[in-house]
Amino acid sequence: MKSLMKYIGVIKYILILFLLAFIVSLLSSGEISDADIKDVSKQVVKAYGAKGLSAADNRMVKRLYGINANDYEGVTLYVSDSNMKVEELLIVKLKDVSQSEAVEAAIEGRLDKQLESFEGYGVEQSKLLKDHVLDVKGNYVLYVVDKKAKKADKAFQKSL
């Protein structure tokens, strides 16, 4: 019986260590950035050009993504000037990292709708959509659909 109690004690310590390691990994999975969203957006747009894109307002964010921009610390959206193009840039600064799941789900919903819309005839546009960049870094989310999406992502990471 004593050996069983020792065994249970050892298991408790091992489980506690695993729990601590898990908590540390969650906390270190994304550093919280105090960078201003206007500065981040400006650097990303400057780095990759964003030709043919125009800044959109909070109503457009709600219409395209179904999220309320006021629920977040800041939202920047640039959309294509043409309805026949899919180029897009979305940057969201979260108030809390727990909001990232909702933002990612909204982005996936938008992506699915666009893929469905361009399926069959918009081969180039569909390829851009499939090659999108979705990057979550702590309290920031970046979504880019563009030929230069990776360049935008590098600027995004650097700006945080």
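This briefing covers a five-strand sheet, a helix that lies across it, and one residue, Thr-76. The model is predicted. The sheet is open, and its pairing is antiparallel. Thr-76 sits in strand S2 of that sheet.

**The sheet**

- Follow the strands across the sheet and the order is S1-S2-S3-S5-S4.
- Strand S1 (53-55) and strand S4 (133-137) are the edge strands.
- Each edge strand has a single partner, so one of its sides has no neighbour in the sheet.
- From one strand to the next, the twist averages 10°.

**The S4 and S5 pair**

- Strand S5 covers residues 140-145.
- S4 pairs with S5 over five bridges, in the antiparallel sense.
- Take Leu-134 as an example: Tyr-143 in S5 is its bridge partner.

**The helix across the sheet**

- Helix H2 spans residues 37-48.
- H2 lies across S1, S2, S3 and S5.
- Strand S3 covers residues 88-93, and H2 runs at about 155° to S3.

**Thr-76 in its surroundings**

- Strand S2, the home of Thr-76, runs over residues 74-80.
- Is Thr-76 buried or exposed? Its relative accessibility is 14%, and buried means under 20%, so Thr-76 counts as buried.
- Which residues does Thr-76 contact, leaving aside neighbours within four places in sequence? They are Ile-37, Ser-41, Leu-89, Leu-90 and Ile-91.
- With Ser-41, there is a polar contact: the side chains of Thr-76 and Ser-41 meet at 2.7 Å.

How values were computed. Residues numbered from 1 in each chain as written. Predicted model: local features only at pLDDT ≥ 70, side-chain atom pairs only at ≥ 80, totals over all residues. Heavy atoms only, no water. Helix = DSSP H or I, 4+ residues; strand = E, 2+ residues; numbered from the N terminus. Buried < 20%, exposed > 50% of the residue type's maximum accessible area, 1.4 Å probe, protein only. Polar contact = N/O pair within 3.5 Å; in protein donor to acceptor, adjacent residues only side chain to side chain. Contact = heavy atoms within 4.5 Å. Pairing = 2+ DSSP bridges. Axes fitted to C-alpha atoms, helices over the stretch in contact; angles between N-to-C directions.
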